[in-house]
Amino acid sequence: MNPVIVTNNLSKWYGNVLGLSDVSLKIEPGITGILGPNGAGKSTFLKLITGQIKANIGTVTINGKKIRNNYTLFSMIGFCPEQDSFYEEMTGWKFVASLLKLFHFSAKEIEERAEKALEIVELTKDKDRVIRSYSRGMRQRLKVAQAIAHEPEIIILDEPLNGLDPLGRRKIIRLIKEYSSEGKTIIVSSHVLPEIEAMTRKIVLIHQGKVFAQGDIHYIRDLIETHPHIISIKCSNPRELASKFIHEDYVLSVHFDSEQDSLLVETRNRDKFFALLPPLFVNFKIEVQEITSPDDNLQAVFDYLVGK
Amino acid sequence: MAEKKARTFRYFLSSIGEVFSVFFSLGKAARKTKFFFFVSFLPVIIALVIKLIQVFSEQTTLSGIFIFSNIVMVLYLQFLILVLALFFGTSVCSEEVEGKTLTYLTTRPISKSSIILGKYAAYTVLIILMVAIGLVFSFLILNLNNLLNFRLYKILLRYMFVLVLGLICYTSFFTFLGTFLKKSVLFGLVFGFGWESVIQYFPGSTQKFAIVHYLKSLLPVSSGRRFSFLLFQLEPSSVGTSIFMLFLITAVFLGLACLLFFLKEYIFEDQ
């Protein structure tokens, strides 16, 4: 398959701050997930491939043509930005229709396309309300609507699931998959692994402005599975609970916090560890107040993978 | 080749038209416009008060057109057109950057110049309408007992022409400032109420570095006797030169604004 988007040695600095460093990618039709913790360089990458900002080094081409200041390419690109910004005094309908106007569609086409896009993101009922009165989820869906309204071949979505409820997330994920099955090229960024996992197997891991890994999601999953997890348990008798973990070979360490009401357990098999907990709580009558996983986020996994 | 160029030019003009239509409609509904529409009605309120005083005191020593000329000189030329051009001109670019909505425009298949020119045109037409409505009302109120004197309408048109040219020219300058500087309103205030207010009173050719010099050169000869100090040291340029210079300044600053907007990278506040 021919790559649609090609980046060569793409690098970007904001003054002394590194935004992106030496990123060379070939993106083919289908869904590509850009995964990385906040501040990793995902948005910078998306801005570079949509020509919003200029690379210090390297090039971006879409279907063989350079993107920067080449506005003709934008009829085939739909971009959903990360920032929650709108022309607040417009209605949802007016917003989508106004942006469609800039594609030089006829009035009838604008009406049809705006109607269709708002229907897809389920905003038809609220289309005549001013954007200022929209909820966070509705605003997010409106951003997606403006990105798909002109039926582009390439759809670029920067954190599209932010602020959506679980149902809204599922709908957007289904929509993205539908577009992919139509042969479109879709790039989705997120800092949440399960979100990307629900959409695609093709994944690019970005960390500190560099492509850290790319490939199949299973490869990434395997990397993460080997990462020891830290679990915090706040309970009535932490020392007694700790004594029960000592015999398990998948428990690597146990620490108590200064207030003596919780313990931190490091384990290399999270599933086994969680399976062990309920019978322990019941059998030894331990009252549990809270179980959290302080490092159960992408930043911690990345830190572990890069050896921090 | 020529046909391709013509097609590209037609597309460019049509893009300006689309941007104009979007932002004219958006601008009409904006809170800022409502506020400035009210501000632009201040001369009307003043004209109304003066007229009422004249009617109730039966004092008619000052003619309607005389008072009208002075209102134009003091309120419109020295204040209102500057303020309107400043707040609408600088916002052409800065409101997109500050509101982080620029991305929606720069990811559409239209050139960056058409965004600037379309928004500039939309906002300029809006403020011209604001000024024109206020000006006509002020004129009608102050000349209520002389409405059949068609000579007066010629004077009204002349003032209208000067103010429209002023708005076109100042807005282009402030549009440039908005694309160039972050704190463009502040620099705009310094320019409008500092540079323009001072330079115009310098003798010789120095005053020609102020836009207001060319506007004052176009005023009817009998303008504002009471506020004649506003014409102090004025060595008017010819009508032709003044019109040419105002259009030249407009074209230069719009060109620079388009060039800057094309080259510059706008980074949003929290990035």
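Look at strand E7 of chain A in this predicted model, and follow its side chains. Ile154(A), Ile156(A) and Asp158(A) point one way from E7(A), while Ile155(A) and Leu157(A) point the other way. In a regular strand, side chains alternate between the two faces of the sheet. Whichever way they point here, all of these residues are buried. Since five of the five residues of E7(A), residues 154-158, are buried, the strand is largely enclosed by the rest of the structure.

So what does E7(A) pair with? One partner is E6(A), which pairs with E7(A) in the parallel sense over four bridges. If you want a place to start tracing that pairing, try Ile77(A), whose bridge partner in E7(A) is Ile154(A). Strand E8 of chain A, residues 185-190, is also joined to E7(A), this time by five bridges, and these two strands run parallel as well. Here you can pick out Asp158(A), whose bridge partner in E8(A) is Ser189(A). Helix H5 of chain A, residues 166-181, joins the picture too: E7(A), H5(A) and E8(A) make a right-handed β-α-β unit.

Now go back to E6(A), and turn to the contact between the chains. This contact takes 26 residues from chain A and 23 residues from chain B. Strand E6 (77-80) and helix H2 (92-101) of chain A each supply at least two residues of the side of chain A that touches chain B. The largest share of that side, three residues, comes from H2(A). As for its make-up, the side of chain A that touches chain B has 13 nonpolar, 10 polar and three charged residues.

Definitions and conventions:
Residues numbered from 1 in each chain as written. Chains lettered and ligands numbered in written order. Predicted model: local features only at pLDDT ≥ 70, side-chain atom pairs only at ≥ 80, totals over all residues. Contact = placed C-beta atoms within 7 Å. Nonpolar A, V, L, I, M, F, W, Y, C, P; charged D, E, K, R; others polar. Buried ≥ 20, exposed ≤ 12 C-beta atoms within 10 Å, placed from the backbone. Pairing = 2+ DSSP bridges. Right-handed = clockwise from strand over helix to strand, strands pointing away.
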